[in-house]
Amino acid sequence: MTGRTQLLERLDALGIAHQTHDHAPIFTVAEGEGIKQSMPGGHTKNLFLRDKKGHLILVSALGETAVPINKLHPVLGCGRLSFGKPELLFEALGVRPGSVSAFALINDPAARVQFVLDAALMKHELVNFHPLSNDATTAVRSVDLIRFARETGHEPLIIDFATLAATRAAAQ
């Protein structure tokens, strides 16, 4: 599996500007609040999901975005979603819980994992993710994140989660 050094080398090889800040390991969005003050841009939460048929999904969203997991499966054309187990996460993306990141797509050359991006996150010029471990945060431009995903064989699906939640709520 690719690690932080190889990831940053790949970003360099793709001509993607990046800036990485080391920090104490963080496991939740709340624990990362202090980092937001020193790093501009959209700070993320990342969800590794699966359905019973084996579809794997990585959702990268703005930390404060509500992701209606129970309403996402019709949009994706899959079964009801639940969180993927840590063993499956490591097998598919080469990271452990707490280190889930869009950068982990580099460890999925077969493109087994569908990549979903939050429209609110993509409104930020810079986006911040763990570089495959939760003891650092790496910033890249949002347009470069999309380019990185495509270079790994993953075409991002951008979803407006606020509209999805409102639309589905109104239909009920």
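What volume does the largest pocket have? The answer comes from a predicted model.

## The largest pocket

The volume of the largest pocket is about 390 Å³. Its lining is made up of 20 residues, and those closest to the pocket centre are Thr28, Val29, Thr44, Lys45 and His130. Three elements each give two or more residues to this lining: helix H2 (33-38), strand E2 (42-50) and strand E6 (126-129). Strand E2 provides the largest share, 5 residues.

What is the make-up of the lining by class? The lining of the largest pocket has 11 polar residues, 7 nonpolar residues and 2 charged residues.

## Helix H4 and its buried side

Helix H4 spans residues 86-93. Its buried residues are Leu88, Leu89, Ala92 and Leu93. Why do they lie on the same side of H4? They cover an arc of only 105 degrees around the axis, and therefore share that side. The general rule for such a pattern is simple. An α-helix has 3.6 residues a turn, so residues three or four places apart point the same way.

Which strands help to cover the buried residues of H4? Among the covering elements are E2, strand E3 (56-62) and strand E5 (113-118). Strand E2 thus appears in two settings: it helps cover H4, and it gives 5 residues to the lining of the largest pocket.

## Gly94, just after H4

Gly94 sits in the loop between H4 and E5. Just after H4, this glycine takes a positive phi of about 70 degrees. Is Gly94 buried or exposed? Gly94 counts as buried because its relative accessibility is 14%, and the cut-off for buried is under 20%.

Leaving aside neighbours within four places in sequence, Gly94 is in contact with Met1, Leu89 and Asn107. Of these contacts, Leu89 is one of the buried residues of H4. Another pairing concerns Asp108. Gly94 and Asp108 are 14 residues apart in sequence, and their C-alpha atoms are 8.2 Å apart in space.

## Asp144 in helix H5

Where is Asp144 placed? Asp144 belongs to helix H5, which runs over residues 142-151. Asp144 has a relative accessible area of 9%, so it is buried. Not counting residues up to four places away in sequence, Asp144 touches Ile16 and Ala17.

Notes:
Residues numbered from 1 in each chain as written. Predicted model: local features only at pLDDT ≥ 70, side-chain atom pairs only at ≥ 80, totals over all residues. Heavy atoms only, no water. Helix = DSSP H or I, 4+ residues; strand = E, 2+ residues; numbered from the N terminus. Buried < 20%, exposed > 50% of the residue type's maximum accessible area, 1.4 Å probe, protein only. Contact = heavy atoms within 4.5 Å. 1 Å grid on protein atoms, 1.4 Å probe; cavity = no way out; pocket = protein on both sides within 12 Å on 5 of 7 lines; lining within 4 Å. Points joined across faces, edges and corners; volume = space filled by probe spheres on them. Nonpolar A, V, L, I, M, F, W, Y, C, P; charged D, E, K, R; others polar. Arc of directions from axis to C-beta.
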